[in-house]
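The following exercises train the reading of a protein model. Please work through each task before consulting its solution.

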Amino acid sequence: MQTKTKTRLSIFVVLVLFAAAIYGFIHSRPASIPDNLIKVSGRIEGEHHLASTKVAGKIFEVKVAEGDQVKKGQVLAVLDDAQIRAKVTQAAAAYGASLANYKASKTGLSVFEKQTPLQIETSQAQLTHAEAALKAAYSSEEQAKVDLKRMQNLLKKKAVSEHDVESAALNLKTLHAQTVTAQTAVEQARKALDLAKLGWEQLSAKREETEAVKALTLQAQANLMEAMSLLEDMKIRSPIDGVVMTKLINTGEVINAGTGLFDIVNLDQIYLKGYIAENKIGKIHLGLKANLYLDSLPDQPFTTSIRYISSQAEFTPKEVQTQEERVKLVYTIKLYLDNNPQHRVTPGLPADAYIQLQ
């Protein structure tokens, strides 16, 4: 007896719940469509983004599956990159050697740029000093010649002794030797100045050499960046935040450049694609609100906005089954969800929307 009672009670509870579900469904949507509402039926769609590869290669690893939520920039798959890594290592070594050479050349140029003006300035000062000493030596020697001639005249007059004449002759000889020494100093100073001035030409050549080394270093850096870019291209990343709807590749497959690998949809930008009869298109406009209901969530309305209205009429698509509906001219519209909490609304779900006319 108790078993029968429990069974009847269970059946009663099920019937009550079923009745409540039917009641909620009936009251969540309009039972009949009033004049200020337009019903639009269709399926949920989304903007599809294809994650593609820029280079050909072999799939080394697939990191996501269909249905996974992904972030923009997230690595979805990796191609076999062994050869590219070797190129990166080679390019990095070449760049390092070139950079070291450039730094050494630049350091040498910096020292040369500092030393050359100093050497020229020093040589110019030495030449000026030597020329002044030579001028003074010439003057002293000329005066000694005058003194010797005067002594010789006085000797004829017995006004001085021969010793005085000899002393004057010896003084002239000494001053002449000093003049010769001063002339040699001037010549050496001029040669030193000329040699220092040649440093400017060497400095120019040194600068050209440094610029050439710099150009080679920049080229090596560009080669390294190119290799690193190719290495980065071995990783296929998600172009958007979204959900992987379709995975088009598997590990070990060889793909060509430009091949689409993953179909991704942003669940925050999905819409109901429906059709409005030609005689009702004038009643709606962009921005108009509508409540959307899913067959799987009949008690939960989702707020949508009309963001697209086709500018040209077309015959009702074949997926509308009745002959009466298929022969009508309709306009395509898209009602975008204002919010998609917990991403419960996904592409492919059938849905109805009720547009509230003003």
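**Exercise 1.** Which residue is the bridge partner of L37 in β13?

*Solution.* The model is a predicted one, in which local features need pLDDT of at least 70, side-chain atom pairs count only at pLDDT 80 or more, and totals for chains, interfaces and linings use all residues. Residues are numbered from 1 along each chain as its sequence is written, and side-chain values use heavy atoms, with hydrogens and water left out.

Step 1: recall the terms. Strands (E, at least two residues) are DSSP runs numbered from the N terminus, and two strands pair if DSSP finds at least two bridges between them.

Step 2: locate the strands. Strand β1 comprises residues 37–52 and is joined to β13 by 7 bridges in the antiparallel sense.

Step 3: read off the partner. L37 is bridged to Q356 in β13.

**Exercise 2.** Describe the surroundings of strand β13 (residues 350–356).

*Solution.* Step 1: consider the other pairing. Strand β9 (residues 289–294) is also antiparallel to β13, through 5 bridges. Here L292 stands opposite A353.

Step 2: consider accessibility. A residue is buried under 20% relative accessible area, exposed over 50%, and partly exposed in between (1.4 Å probe, protein chains only). Because 5 of the 7 residues of β13 are buried, this strand is largely enclosed by the rest of the structure.

**Exercise 3.** Determine the strand order of the open sheet that contains β2, and examine V254.

*Solution.* Step 1: establish the pairs. Strand β2 (residues 57–62) pairs with β7 (residues 254–255) over 2 antiparallel bridges, and 3 bridges join β2 to β4 (residues 75–79), again antiparallel. In the latter pair, I59 stands opposite L79.

Step 2: write the order. The open sheet of 4 strands runs β5-β4-β2-β7 with antiparallel pairing. Its edge strands are β5 (235–237) and β7, each of which pairs on one side only.

Step 3: examine V254 in β7. Opposite V254 stands K58; their C-alpha atoms are separated by 4.2 Å, although the two residues lie 196 residues apart along the chain. V254 counts as exposed because its relative accessibility is 65%.

**Exercise 4.** What is the distance from K334 to the nearest side chain of opposite charge?

*Solution.* Step 1: place the residue. K334 belongs to strand β12 (residues 329–337).

Step 2: apply the charge rule. Lys and Arg count as positive and Asp and Glu as negative, while His and the chain ends are not counted. A salt bridge requires a side-chain nitrogen of Lys or Arg within 4 Å of a carboxyl oxygen of Asp or Glu.

Step 3: compare. The nearest side chain of opposite charge is E47, 4.6 Å away; K334 is buried yet has no salt bridge.

Step 4: list contacts (heavy atoms within 4.5 Å). Beyond neighbours within four places in sequence, the contacts of K334 include Y271, S305 and R307.

**Exercise 5.** Which strand gives the most residues to the largest nonpolar core?

*Solution.* Step 1: define the core. A nonpolar core is a set of buried Ala, Val, Leu, Ile, Met, Phe, Trp, Tyr and Cys residues joined through side-chain atoms within 4.5 Å.

Step 2: inspect the members. The largest core has 27 residues, and those touching the most other members include I44, L292 and I355. At least two residues each come from β1, β8 (260–277), β9, β10 (302–309), β12 and β13.

Step 3: conclude. Strand β8 gives the most, with 5 residues.
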